[in-house]
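Q: Could you take a close look at one part of this model for me? I'd like to hear about one helix packing against another, and then how that part sits in the rest.

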Amino acid sequence: MAIDKETVKYAAKLARIELKPKELEKLSLQLQDTLDFIDQLKKLDIKEINPTSHILPMNNVFREDKIKDSLPIKKVLDNAPALERNFFVVPKVIE
Amino acid sequence: MTAHELFDKLNRKEISPRDIITSLQDRIRQIDPKVKAYVRLSDSLHQTPILSGIPISIKDNICTEGYNTECCSKILAGFKPPYDATVITKLKEAGATVLDVKTNMDEFAFGSSTENSCFGPSRNPWNLECVPGGSSGGSAAAVAADEAIWALGSDTGGSIRQPASFCGVVGLKPTYGRVSRYGLIAFASSLDQIGPITKDVRDCAILMNIISGFDAHDSTSVDLKVPDYTKGLVNDIKGIKIGIPKEYFVEGMDAEVKTIVQEAVHKLKDLGADLKEVTLPHTEYAVSVYYIVATAEASSNLSRFDGVQYGFRAKSAKSKNLIDMYESTRGNGFGEEAKRRIILGTFALSHGYYDAYYLRALKVRTLIKEDFDKVFKDFDCIVTPTSPTPAFKIGEKIKDPLKMYLSDIYTISANLAGIPAISIPCGFTKKRLPVGLQILAKAFNEEMLFRAAYTYEQNTPWHLEKPKIE
């Protein structure tokens with residue numbers, strides 16, 4: 001199928017990725033190439049085939065709900081770009 | 001020197017762990033400015049690691065507590081994991097010294113050359129103008145250049161085997177579920193596996209003994225007894241049934257690679273294996289399926305990099321609200337290939353395209369898996385080239401993503417089917433670039449891979465050759 005700039009722009013928006021106009025231009029062409037190649041999958045008759053999302057024959061994996069030690073808070077928070085006390089700081093969400 | 005040779009020397013008290021780590025650090029300082037197998041070298045190698053045993057080098061996407069783990073991406077700059085990956089815990093328990101410097105990779109393992117690393121590409125020790133392969137190119141180059149005794153990489157579509165092939169070393173992708181993925185920064189969760197990159201097959205088996213096994217921290221790890229893989233190191237393949245898939249020897253492959261791999265196949269026959277041509281009819285669709293499934297899973301896995309909990313946050317003036325901050329952080333923090341894959345994956349999962357792309361790819365994945373199931377009913381293993389070409393030049397494919405994707409054409413199927421596969425050296429081109437032979441077996445039958453690989457290795461000289469780094 002043909003993928004236009006608007007579709008790429010929309011997917012980038014969904015993925016929360018800012019693209020510069022030049023990037024959008026280039027990416028649209030490259031994604032078109034890739035999708036043209038991937039369109040080969042349409043040659044196959046797959047009506048009767050079940051999808052494989054995962055290779056292992058396993059369903060739900062349960063464990064007992066036991067309380068365990070957590071990671072030390074300081075060590076985890078040390079990686080954050082912005083902190084106040086023990087909280088992550090982000091730009092204002094509610095106006 | 002291999003790890004097993006060093007073990008023997010340690011046991012005979014001919015060397016100390018300190019000797020090993022010192023000489024390795026010297027080698028890294030001397031050679032790495034040329035090979036660039038490691039990243040952030042200037043801020044590391046200062047502290048002396050625990051001097052208890054054999055050092056191991058780790059890819060930059062496997063969490064090492066307190067040591068930077070950045071997936072060679074700007075968006076994870078400065079990230080120091082607060083915990084060790086399960087494979088690291090197991091290595092430490094076995095007495096290994098985990099090096100504080102990490103090996104180079106394509107950003108988030110997106111690539112086949114290490115050119116997508118935010119630190120720039122590693123070099124192939126056999127020819128410094130060529131790529132080492134990828135994404136675990138730093139690990140493979142380090143092992144080949146004797147800057148590492150052995151190393152861990154990760155393999156989502158060939159990221160251990162293709163660089164092992166390009167650098168003339170041994171690389172194994174274990175069965176999906178054999179090695180815990182806990183602490184491996186996820187790319188595509190249904191395909192990723194951690195595995196060894198080593199100088200010979202024996203080291204590969206020893207390392208698999210250490211890292212394999214069930215882990216409650218990884219819900220996809222399988223609770224099956226781990227055999228002693230060194231028992232698979234049997235120099236005998238008489239009567240072993242090997243399938244040669246005709247779809248892997250088609251046009252587009254390098255003529256020299258074809259000849260070298262065919263000679264390796266003859267060698268296996270001379271050693272007593274029972275060879276027959278087989279068919280894996282859906283091989284041609286593997287790359288397409290992969291670039292839908294892997295990018296879809298990646299688009300979801302990489303949503304966690306949003307500038308809030310760790311790593312890079314854009315300081316642009318536009319970041320007035322939360323969404324702007326996310327978009328600007330991700331737009332500036334991810335490299336080109338990461339953005340390309342996240343957007344492709346998001347597209348394939350988006351409303352209106354899900355059935356046409358993602359669901360269709362999952363169905364064809366079933367067909368690819370069934371191809372292997374059929375062959376393994378009658379055969380012990382399958383032998384193919386690891387890559388259609390030897391190492392290519394830096395810059396040769398980076399501008400054409402599709403061309404780069406096609407360099408994984410022979411390795412991707414094993415990930416889609418979840419089966420184990422090993423790459424071992426099987427010769428050199430006229431320009432002295434290594435060529436790799438890939439052996440595949442059915443799920444949880446790594447022992448068969450070790451047996452076939454060990455027999456071939458012990459009866460050929462390739463693993464003894466060393467690059468001259470000028």
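A: Here is a walk through one helix pair, then its surroundings, and then the two chains as a whole.

Keep in mind that this is a predicted model. The pair to look at is helix 6 of chain B, residues 201-211, and helix 14 of chain B, residues 446-458. Their axes are 9 Å apart, and the packing angle comes out at about 160°. Angles over 145 degrees count as roughly antiparallel, so helix 6 and helix 14 of chain B get that label with respect to each other. As for handedness, helix 6 of chain B passes helix 14 of chain B in a left-handed crossing.

Which residues make the contact between helix 6 and helix 14 of chain B? On the helix 6 side they are B:Val201, B:Ala205 and B:Met208. Across from them, helix 14 brings in B:Glu446, B:Phe450, B:Ala453, B:Tyr454 and B:Glu457. Sorted by class, that contact has 6 nonpolar and 2 charged residues, with no polar ones.

Helix 6 of chain B has other company too. Helix 3 of chain B, residues 86-93, has B:Thr86, B:Val87, B:Ile88 and B:Leu91 buried. The buried residues of helix 3 pack against helix 6, and also against strand 2 (55-59), strand 3, strand 4 (151-155) and strand 6 (193-198) of chain B. Just past the end of helix 3 of chain B, B:Gly95 takes a positive phi of about 95°.

Strand 3 of chain B, one of those partners of helix 3, covers residues 97-103 and is followed by a loop that leads to helix 4 (137-144). Two backbone oddities turn up in that loop. One is B:Ala109, which lies there and has a positive phi of about 70° although it is not a glycine. B:Ala109 has 30 other C-beta atoms within 10 Å; the cut-off for buried is 20 or more, so B:Ala109 counts as buried. The other is B:Ser135, found in that loop as well: the peptide bond running from B:Gly134 to B:Ser135 is cis, with omega near 10°.

For a contrast in burial, try B:Arg432, in the loop between strand 10 (421-428) and strand 11 (434-440) of chain B. B:Arg432 isn't a glycine either, yet its phi is positive, at about 65°. With 13 other C-beta atoms within 10 Å, B:Arg432 is partly exposed.

Now zoom out. Chain B has 14 helices and 11 strands in its secondary structure. Its radius of gyration is 21 Å, close to the 23 Å that the globule rule gives for 470 residues, so chain B is as compact as a globular protein of that length. The C-alpha trace of chain B spans about 70 × 60 × 45 Å along the principal axes. Of its 470 residues, 61% are buried. Take the contacts in chain B between residues at least 6 apart in sequence: 75% of them join residues at least 24 apart.

Chain A is another story. There are 3 helices and 2 strands, and along the sequence they follow the pattern α-α-α-β-β. The radius of gyration of chain A is 23 Å, while a compact globule of 95 residues would have one near 12 Å. The C-alpha atoms of chain A fill a box of roughly 55 × 45 × 25 Å along the principal axes, and buried residues make up 15% of the chain.

Terms used. Residues numbered from 1 in each chain as written. Chains lettered and ligands numbered in written order. Predicted model: local features only at pLDDT ≥ 70, side-chain atom pairs only at ≥ 80, totals over all residues. Helix = DSSP H or I, 4+ residues; strand = E, 2+ residues; numbered from the N terminus. Rg over C-alpha atoms; globule rule 2.2 N^0.38 Å. Buried ≥ 20, exposed ≤ 12 C-beta atoms within 10 Å, placed from the backbone. Axes fitted to C-alpha atoms, helices over the stretch in contact; angles between N-to-C directions. Parallel < 35°, antiparallel > 145°, perpendicular 65-115°, else oblique. Left-handed = near helix turned anticlockwise from the far one by under 90°. Contact = placed C-beta atoms within 7 Å. Nonpolar A, V, L, I, M, F, W, Y, C, P; charged D, E, K, R; others polar.
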